[in-house]
Amino acid sequence: METTTIINISIEAFSFVISLILFCCLYFGEDKRTKLGRIFIWMLVLNMITLAFFIMSVAFEGGKQSFARQAVLWGNNFYHVFWLILRIMLSKYLFTYVSGKTKSFCWFMPYVYVVISVNIMLLVMSHFNGIMYHVDENNFFCHGALYFVFPMSGYIIYIVELFIVFKTRKLFGKADTISLISYELIPTVMSEIGGWIGVFMLDSSMTIALFILYTRIQLEQGKKLKKQEMELQNARVEAMISQIQPHFLYNSLTAIADACEDAPKAKDAIIDFSHYLRGNLTSLKSKKLISFNEELDHIEAYLRLEQLRFGEMLNIVYDIGPKDFFIPALTVQPIIENAVKHGVGRKVDGGMVTLLTQETDTEYMIIVLDNGVGFNVEMGYNDERIHIGIENVKYRLQMQCQGSLNIVSKVDFGTTVTIHIPK
C-alpha cells in the first residue's frame, strides 16, 4: 500500500472518529430536540457514511483480490451519492438557520434539490456507461468525461450559500457569520490544496467545518434551549399562579356552601372544584403538550363553578369540532376566564360565552366568543394582569407549538379570541 494511500486512510479514519464523538455528544444531549440539532446529527451520520465508503474504495484500489473491483466500484458509487445527500443536509442546515431570521430565501432549497438530483442521475448512469467515472482494468478509480460536473455543482452551491450568508450577515453576530463562512470556504480551499499535494482532504475538511459549526452554533443553540426551558417553566408557574386567585377560590367555596342544601349539587361542585385545582397544579409540571380534551375537561369544570355562582346570567355554548390535537396546558382556560370575568361578567344582564373548534388543511383553530362589554384592542386591557396573562399564553403557544393568538373586540359588542395551532 502506497504512502499516499496510508495517509488518506489515516486522515479519513481520524475524521470518522471526530464525527463519531460529535455525534455522541449531540445524540445523548439536548440538541436532538431542536430542528437544527436534528439536521446536524444527520449531517454527522452522513459524514461518517461517506468517510467509511471512501476508506473502503481507497483501501481496495489497485488490489488484486477478486472482489477488489466491486469494492472500488460500489465504494465510490455510494461515496459520491452519500456525499451529495450530505451536501443537501449542509444546505438545509444553513437554510433552517437563516430562515429563523428571514424568509427571503425560500427559493434556495428547491435550487439545491435540482442541482443534486442532476448529479445523482449522472452517477447512476455512470455505473453503466462510465460517463462520470469508471474503474480500470487495474482496479483504479478514473474520472469520466463529465466528472467535472460533480465538483462544479458543489462550487456553485457554495457560491450561492456564501451570497446568502453575506446578505444576512447583519442578522447574526460576527462570530456566527465567520462560522458559516468557514463552513463554506474550508472544504473548498482544503480540497484544492489537497489536490496540489496529492492528499485527498475534502472529507476531512468537511469534518473540520462541522466541528467549527458545533463549537460555535450548536453549543449556542444548546444554551438558548436551556434558557427557553427556564422561561417556559417560569411562564407555566405564572400561568398556574394567575389562575389560582384568592377571590375565585373564595367565590367558589361560597357558592358550594350555598349549594349544600342540595347534597348532589354540592357534591358535583366539590368534584368540579377539585378537578379545577388539579388541572392548575398539573400544568405546573407539564413540559409536554396536552390533548385538547384534557384542556376541555378543565374548562368545563371551571365553567360549571362559574355557572353555580352566576346562574342564568352566564350561558355557555360548546360547538366542538376536531379534538384530536395538542396544545400547551392552560392555554384556552385563561381566555375563557377573561370572557367570563371581564366580558359577560361586567354586563348588567349577563351574556353568552361560546367555545368552538375548527380545522383547515394547515391548522386547528380554537375560538372563544363572548357578547360582553368588549374593549378597544388598540388601547389594550385596563387591567395589567390580564395583559400579562394574554402575553403568557402567546409566548407558550409560540415556543411550544409555533401557535399564535389573535384578538378582535368591539366595545359593547363583545370579543373574539382565535388560537391557531399549526398541524
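How many bridges join β8 to β9, and in which sense do the two strands run? In this predicted model, β8 and β9 run antiparallel and are joined by 7 bridges. The two strands form a hairpin with 3 residues between them. Within the turn, Asp 412 has a positive phi of about 75°. At one position of the pairing, Ser 404 stands opposite His 420 in β9.

Strand β9 spans residues 414–422 and is mostly covered, with 7 of its 9 residues buried. Strand β9 also pairs with β7, which comprises residues 363–370. This pairing is antiparallel as well and extends over 8 bridges. Here Val 368 stands opposite Val 417 in β9.

**Ser 409 in strand β8**

Strand β8 covers residues 404–410, and Ser 409 is part of this strand. Is Ser 409 buried or exposed? Its relative accessible area is 16%; because buried means under 20%, Ser 409 counts as buried.

The side chain of Ser 409 takes part in the polar contacts listed below.

| Side chain | Partner | Distance |
|---|---|---|
| Ser 409 | backbone oxygen of Gly 414 | 3.2 Å |
| Ser 409 | side chain of Thr 415 | 2.7 Å |

Both partners also appear among the residues that Ser 409 touches: Gly 374, Phe 375, Val 377, Gly 414 and Thr 415. That list leaves out residues up to four places away in sequence. As general background, side chains in a regular strand alternate between the two faces of the sheet.

Key: Residues numbered from 1 in each chain as written. Predicted model: local features only at pLDDT ≥ 70, side-chain atom pairs only at ≥ 80, totals over all residues. Heavy atoms only, no water. Helix = DSSP H or I, 4+ residues; strand = E, 2+ residues; numbered from the N terminus. Buried < 20%, exposed > 50% of the residue type's maximum accessible area, 1.4 Å probe, protein only. Polar contact = N/O pair within 3.5 Å; in protein donor to acceptor, adjacent residues only side chain to side chain. Contact = heavy atoms within 4.5 Å. Pairing = 2+ DSSP bridges.
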